[in-house]
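Hi,

Here is the structure I promised to pass on. Have a look at it first, and then read my notes below.

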Amino acid sequence: MVILLADAFAPDLPGRLASYGEVTSDFGRLHEAEVVIVRSKTKVDKAMMDKAPKLRYIIRGGVGVDTIDVGYAKEKGIEVDNTPEASSVAVAELAFALMLAMPCHISEADASMKQGKWLKKELERTELNGKTLGLIGIGRIARELAVRARAFGMKVIAFDKFVTSCTDSDEMVDFDSLLSRSDYISVHVPLTPETNGMLGAKALAKMKKGACIVNTSRGQVIVEQDIVAALNEGLLGGYAADVFLKEPPEGSPLLSAPRVVLTPHLGASTGENLLRLGDSIVTRIARYSGK
Ligand code: NAD
């Protein structure tokens with residue numbers, strides 16, 4: 001079988017997959033591919049699947065399959081998979097870094113130093129210690145973040161539609177309580193019709209004045225113009241994001257909004273994670289091929 005690696009993976013992955021089939025990264029061979037392996041960059045839509053008559057198995061190296069037209073794949077009898085176990089630590093570390101960057105003013109301090117300024121008096125810090133972190137969704141990434149937050153002396157509360165108890169959270173609460181009690185909110189739900197736009201004006205109005213949001217989930221989970229309005233009005237203390245409505249977020253009002261820290265979808269981009277993704281993909285191909 002032909003295995004097409006459509007996006008960038010660890011350099012040793014083609015060699016590790018070689019015993020299961022012919023591995024190629026030549027997208028021009030899509031029509032021959034039985035297995036296509038992607039990350040976030042390649043969107044597997046109808047048009048792509050129609051150009052791949054032999055396609056039987058799609059693996060997304062990453063969490064979630066929202067970059068794949070799963071309904072159409074199902075219609076065509078193509079199996080769709082992802083590797084949700086691999087990326088949790090990488091994303092949680094970035095979410096923690098984004099959370100810490102806001103009260104420490106890392107971006108502003110660094111940029112102003114490089115402009116020859118010394119804002120020692122102006123940049124007043126606060127501490128994470130003693131603050132409440134509210135996790136929206138207490139899945140794999142959120143639980144890794146909870147461990148790190150507790151080590152920094154934070155109280156962790158969580159809201160999850162499908163999880164009622166979790167030892168990594170000090171308390172499970174409803175959505176409104178999470179909004180009103182948290183000093184920091186970190187979003188870890190998948191993108192679904194229900195989570196689309198869940199942090200818009202109505203939810204933001206229920207938050208503590210000056211609370212901050214970290215979003216490493218998906219750009220569509222927040223309502224961008226409402227976040228920008230809340231930042232401009234001083235209701236939101238800060239917004240730190242790795243994910244955007246459109247990526248790259250060209251022309252987004254977030255780029256010029258105050259108290260914003262942004263990273264270019266780096267959540268899963270660690271060398272260690274690439275190796276773990278490789279392990280997860282090899283395991284799945286071994287199962288698929290029955291070897
Ligand atoms: P997970 O499936 O382990 O956890 C998601 C949690 O959200 C689950 O506990 C689920 O019950 C909960 N949930 C689902 N719908 C909900 C709703 N309507 N309301 C409340 N809770 C709900 O997923 P994970 O591995 O923790 O990943 C979370 C998300 O992070 C992924 O779906 C993906 O969008 C994003 N992600 C981003 C990056 C990045 O590079 N920034 C990398 C990996 C994953």
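Before the notes, one term you'll need: a polar contact is a pair of N or O atoms within 3.5 Å, and within protein one of them must be able to donate a hydrogen and the other to accept it. Also keep in mind that this is a predicted model.

Let's start with the overall layout. The domain assignment splits the protein into domain 1, made of 2–86 + 270–289, and domain 2, which covers 88–262. Their C-alpha centres are 31 Å apart.

So where do the two domains meet? On one side, nine residues of domain 1 make contact, and on the other, six residues of domain 2. Together the domains bury about 550 Å² between them, with 46% of that on carbon and sulfur atoms. Val 63, Asp 66 and Pro 84 are the ones to click on here: they supply 57% of the area that domain 1 buries against domain 2, more than any other three residues.

Using the definition above, two residue pairs are in polar contact between domain 1 and domain 2. The side of domain 1 that touches domain 2 has three nonpolar, two polar and four charged residues. There's also one salt bridge across this interface. Asp 66 turns up again in a salt bridge, with Arg 218 as its partner, and the closest N and O atoms are 2.9 Å apart.

Now for the ligand. Which of the 25 residues around the ligand come nearest? They are Arg 140, Ile 141, Asp 160, Thr 216 and Asp 242. By class, the shell contains eleven nonpolar, eight polar and six charged residues.

Three spots are worth zooming in on:

- Asp 160 has a polar side-chain atom 2.6 Å from an oxygen atom of the ligand.
- Ile 141 uses its backbone instead, with a polar atom there 2.9 Å from a ligand oxygen.
- Ala 268 also has a polar backbone atom facing a ligand oxygen, at 3.4 Å.

On its own, the ligand has 870 Å² of accessible area, and the protein covers 89% of it.

Cheers, and enjoy exploring!

Conventions
Residues are numbered from 1 along each chain as its sequence is written. This is a predicted model: local features need pLDDT of at least 70, side-chain atom pairs count only at pLDDT 80 or more; totals for chains, interfaces and linings use all residues. Side-chain values use heavy atoms; hydrogens and water are left out. Domain bounds come from an automatic or database domain assignment. Contact means heavy atoms within 4.5 Å. Buried area is the accessible area (1.4 Å probe) that two parts lose on being put together, summed over both. A salt bridge is a side-chain nitrogen of Lys or Arg within 4 Å of a carboxyl oxygen of Asp or Glu. Ala, Val, Leu, Ile, Met, Phe, Trp, Tyr, Cys and Pro count as nonpolar, Asp, Glu, Lys and Arg as charged, and the others, Gly among them, as polar. A residue is near a molecule or strand if one of its heavy atoms lies within 4 Å of it. Accessible areas come from the Shrake-Rupley method with a 1.4 Å probe; for residues, only the protein chains shown count as cover.
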